[in-house]
Amino acid sequence: MEVELPDDFRCPISLEVMTDPVILTSGHTFDRASIQRWLDSGNRTCPVTNLPLPPSPPLIPNHALRRLILSHSPSLSLPSSNLQPCHSSSPPDPLSLVSSPHSLSSFYCYVKSSSQFRRVATESGAVTVLLGHVVSPGESREVALRALLRLSLDGDDTRVGLVADGAVDALAVVLSQGGSTPSAAAVASTVLTSLAMVDVNKCTIGAHPSVFPALSWLLSKGADRQCMREAATALYELCKFPANRRRAVRAGLVPALVKFGMGGSERAIEVLGQLAKSQEGKAEMRKVESLVRWLVSVARIGSARGTDNALLVLNLVCSDCEDMSMEAVKEGGLEVSLSLIESDEGKIAKNAASLVRTLQDFQLGCFR
């Protein structure tokens with residue numbers, strides 16, 4: 001006889017039983033393949049709530065639900081899990097679980113599956129102990145980081161509370177050791193992105209003396225591309241706060257971002273667009289050799305996202321700078337922009353038109 005499975009086991013998108021359930025930042029669970037297709041199609045809202053999602057939202061495996069599905073239907077082929085099972089139907093004391101590295105996986109499991117457990121964890125002092133695992137090198141570090149990430153998804157009040165508990169200090173330690181633990185540094189960067197979604201946290205994180213230098217090191221010296229992508233995403237969120245743009249520039253992030261961008265990262269160009277809104281950012285970019293040539297090339301042959309951001313950065317660095325404007329004209333920036341105006345009617349055309357005005361103003365000035 002066919003087993004009747006609960007509706008919670010079905011993906012809200014495909015309506016099929018989930019084989020790889022993951023949690024979106026909105027708190028809702030989807031089958032990985034379905035939500036990835038949703039995001040790859042350019043959607044940036046939760047399919048259930050229709051609320052906006054952060055850039056590059058993390059997809060966090062829902063191990064507890066995975067086990068429930070498998071227990072109801074053992075014939076389903078589900079990805080394996082290394083987490084210890086949550087045996088108790090009623091959540092245990094978070095502080096007792098988090099205190100030992102041996103029970104940390106179970107703590108993580110309950111954090112993933114129980115909102116009541118998460119609430120008690122944030123109120124019981126368990127976060128302070130959890131952060132102790134985060135700063136301690138070893139196998140428990142990444143589990144602790146993933147638990148911290150899930151806690152950070154419980155809303156703005158929780159995010160502010162985690163920062164007040166010292167989360168930024170702990171994350172800075174992991175980021176500073178990113179060369180030896182790239183996977184942990186990648187998760188730490190993702191946690192930083194989540195915490196930075198609150199404006200007051202953007203200020204607090206940016207003022208930390210180690211955060212921007214560590215992110216700069218990861219982008220310029222890191223060998224793990226996933227870690228670099230997550231670091232760039234954290235920078236994008238942090239640099240929405242104007243004061244952080246100056247801090248990022250002073251930490252040497254402009255050349256690091258240009259290098260990463262020239263390696264194919266469109267997220268790096270987005271961050272440069274944030275930094276170019278500051279005078280310090282524009283000044284540093286004007287020192288980078290071949291910057292204009294690269295940006296014109298991205299505007300010419302890049303994706304829609306890359307083209308849009310390349311035009312924005314070009315316009316900002318060329319404004320009030322004859323040398324940059326002259327180079328942009330020589331590299332074909334004017335012709336590329338005019339072509340984009342003819343072929344696009346949206347944001348790309350608007351940015352292209354702004355660049356055309358900037359470069360034409362420069363040309364008029366040369367003839368006066």
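Me: How many residues apart are Glu-123 and Arg-119 in helix H5?
Reply: This is a predicted model, by the way. Both Glu-123 and Arg-119 sit in helix H5, with about one turn of the helix between them. In an α-helix there are 3.6 residues a turn, so residues three or four places apart point the same way. For Glu-123 and Arg-119, the spacing is 4 residues.

Me: OK, and how far apart are the closest N and O atoms of Glu-123 and Arg-119?
Reply: A salt bridge needs a side-chain nitrogen of Lys or Arg within 4 Å of a carboxyl oxygen of Asp or Glu. Glu-123 and Arg-119 do form one. Their closest N and O atoms are separated by 3.5 Å.

Me: Is Glu-123 buried or exposed?
Reply: The cut-off for exposed is over 50% relative accessible area. Glu-123 comes in at 59%, while its partner Arg-119 is partly exposed at 44%. So Glu-123 gets the label exposed.

Me: What about Arg-150: which residue does it form a salt bridge with?
Reply: Arg-150 is buried, at 5% relative accessibility. Its partner is partly exposed, at 35%. The closest N and O atoms of the pair are 3.3 Å apart, and the partner's name is Asp-154.

Me: Arg-267 and Glu-270 form a salt bridge too, so which helix are they in?
Reply: The closest N and O atoms of Arg-267 and Glu-270 are 2.8 Å apart. Arg-267 is buried at 9% relative accessibility, and Glu-270 is buried as well, with 13% relative accessible area. They are 3 residues apart, about one helical turn, in helix H16.

Me: Which residues do salt bridges with shared partners join into one network?
Reply: The structure holds 16 salt bridges. Some of them share partners and so link up, given the 4 Å cut-off between side-chain nitrogen and carboxyl oxygen. The network's members are Asp-199, Lys-202, Glu-237 and Lys-240.

Me: Switching to helix H6, within what arc do its buried residues fall?
Reply: Helix H6 covers residues 126-135, and its buried residues are Ala-126, Val-127, Leu-130, Leu-131, His-133 and Val-134. Looking down the axis of H6, they line one face of the helix, because they fall within an arc of 155°.

Me: Which helices do the buried residues of H6 pack against?
Reply: Those buried residues, including Leu-130 and Leu-131, line one face of H6. The helices they pack against are H3 (94-98), H4 (104-113), H5 (115-123), H7 (139-152), H8 (156-164) and H9 (167-176).

How values were computed. Residues are numbered from 1 along each chain as its sequence is written. This is a predicted model: local features need pLDDT of at least 70, side-chain atom pairs count only at pLDDT 80 or more; totals for chains, interfaces and linings use all residues. Side-chain values use heavy atoms; hydrogens and water are left out. Buried means under 20% relative accessible area, exposed over 50%, partly exposed in between (1.4 Å probe, protein chains only). Helices (H or I, at least four residues) and strands (E, at least two) are DSSP runs, numbered from the N terminus. The arc is that of the directions from the helix axis to the C-beta atoms. Contact means heavy atoms within 4.5 Å.
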